[in-house]
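Subject: Structure handover

Hello,

Here is the structure for you to look over. My notes follow below it.

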Amino acid sequence: MPDMTSPDFDDHPERVLLDRLEEYYDAVPRHGARVEDHGPLTLFVREGQGWPFYARPARGRSGRPLHPTDVQRVRARQRELGLPESFEWVAETTPSLRVAAEESGLVVHEHPLMVLDPGAPAADVDGVSGNMPVRIVGADDPILPGALAVPHLAFAEPGTQVGLAGPPQLTEAIDACVADGSVERAIVRVRAGLTVVAAAVEHGSVLSAGQHQPLARVSEIVGVGTLPAARRRGLARAVTAALVADARSRGAATVFLSAGDDDVARVYARLGFRRVGTALIAEPAE
């Protein structure tokens, strides 16, 4: 990975790529959020119910480095609105935000930022999945609630080792997704083409699922997770391959994702993703 903090980085091809991702990061939340301008930072405020958004560097920001007071002002506004005090950004494009966030009392988490090599061959989804059915999930597909619920269980037990959550916990998670309106909101987004869902299904039950969000020939793969009790079978890799194939079929020239950690990044590397930077998330200590 190049040194993106060096003076020569402005002329590096990776700068063009990261600028494209910055445009995407700024544009996607605007489909479902009110935007508040806080000088060098932008706060996205969810319109209606759903997963809350975050603050991030203002698009096109230039000038002085960010200070802890910049972060503190936005955190105060987030508390006022009852929102999580959360910030997301790319380390290489806004390096000063990390220091500002940490000095304001937040904890910063690192995630490998990876982009699909345009020359990567299309993966054989059936071969990757061991012939377990992996499919794109339509708005009216009865497995959609399961495809939305599985990642919640996966992220509650992070890592790649086999975990405890299985079918009984999945049933509870599906009921929760229906009750909180997640399924209804997903149906709207799927029908609008803003979200594409893929799932690996066995005996009518979802074992792994994820999404991609296409916009202007760029798409981010998000929320890929496997039911913890069903891990170590290559299912997340198969779901990712299906999402990549669908994104490419829709004309996406840039497909990217943030891996949970280096172990997960190695899984994505086998599908043709390469690391181009580091995605950072700052939040209060637990």
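Axes here are lines fitted to C-alpha atoms, for helices over the stretch in contact, and angles between N-to-C directions run from 0 to 180 degrees. Please keep in mind that this is a predicted model.

**Helix packing around α5**

Two packed helices are described by the angle between their axes and the distance between the axes. Take α5 (residues 144-156) and α7 (residues 182-192) to begin with. Their axes come within 10 Å and cross at roughly 110 degrees. Angles of 65 to 115 degrees count as roughly perpendicular, so α5 and α7 are roughly perpendicular to each other. Their crossing is right-handed. On the α5 side, the contact is made by Leu-144, Pro-145 and Leu-148. On the α7 side, Ser-182, Val-183, Ala-186 and Ile-187 make it.

Helix α6 (residues 167-179) also packs on α5, with axes that come within 8 Å. The two cross at roughly 115 degrees. That makes α5 roughly perpendicular to α6. Here too, α5 passes α6 in a right-handed crossing. From α5, the residues that meet α6 are Pro-145, Gly-146, Leu-148, Ala-149, Val-150, His-152 and Leu-153. From α6, they are Gln-169, Leu-170, Ala-173, Ile-174 and Cys-177. Pro-145 and Leu-148 are therefore listed both in the contact with α7 and in the one with α6.

**Nonpolar cores**

The largest nonpolar core has 50 residues. Those with the most contacts inside it are Ala-199, Ile-221, Val-255, Tyr-268 and Phe-273. Which helix gives the most to this core? Helix α8 (residues 235-249) does, with 8 residues.

Val-255 is a good place to look inside this core. Leaving aside neighbours within four places in sequence, Val-255 is in contact with Met-114, Val-115 and Leu-116. The same list for Val-255 includes Ser-219, Ile-221, Val-244, Ala-247 and Phe-273.

Another core lies apart from this one and has 18 residues. Trp-89, Ala-91, Leu-97 and Leu-280 are among them.

**Two helices with a buried side**

Helix α3 (residues 96-103) has four residues to check: Ser-96, Leu-97, Ala-100 and Ala-101 are its buried ones. Why do they lie on the same side of α3? They cover an arc of only 130 degrees around the axis, which puts them there. Several elements cover these buried residues. They include the helix α2 (68-81) and the strands β2 (41-46), β3 (55-57), β4 (87-90), β5 (106-116) and β11 (273-284). After α3 comes Gly-105, with a positive phi near 105 degrees.

In α9 (262-269), the residues Val-264, Ala-265 and Tyr-268 are buried. Their arc around the axis is only 105 degrees, which puts them on the same side of α9. They pack against β5, β9, α8, β10 (254-258) and β11. Tyr-268 is also one of the residues with the most contacts inside the largest core.

**Loops**

Most residues other than glycine have a negative phi. Two loop residues are worth a look on that count.

- His-203 is not a glycine, yet its phi is positive, about 55 degrees. It sits in the loop between β7 (196-202) and β8 (205-215). His-203 is exposed, with a relative accessible area of 80%.
- Ala-216 has a positive phi near 50 degrees, and is also a residue other than glycine. It is placed in the loop between β8 and β9 (218-226). Ala-216 is exposed, with a relative accessible area of 71%.

Arg-270 is in the loop between α9 and β11. Is it buried or exposed? The cut-off for exposed is over 50%, and Arg-270 has a relative accessible area of 54%, so it counts as exposed. Arg-270 and Leu-113 are 157 residues apart in sequence and 15 Å apart in space, C-alpha to C-alpha.

Ala-58 lies in the loop between β3 and α2. Buried means under 20%. Ala-58 has a relative accessible area of 16%, so it is buried. Not counting residues up to four places away in sequence, Ala-58 touches Gly-39, Pro-40, Leu-41 and Thr-42. Arg-189 is 131 residues from Ala-58 along the chain, and their C-alpha atoms are separated by 25 Å.

Best wishes

Key:
Residues numbered from 1 in each chain as written. Predicted model: local features only at pLDDT ≥ 70, side-chain atom pairs only at ≥ 80, totals over all residues. Heavy atoms only, no water. Core = buried A, V, L, I, M, F, W, Y, C linked by side-chain atoms within 4.5 Å. Buried < 20%, exposed > 50% of the residue type's maximum accessible area, 1.4 Å probe, protein only. Contact = heavy atoms within 4.5 Å. Arc of directions from axis to C-beta. Parallel < 35°, antiparallel > 145°, perpendicular 65-115°, else oblique. Left-handed = near helix turned anticlockwise from the far one by under 90°.
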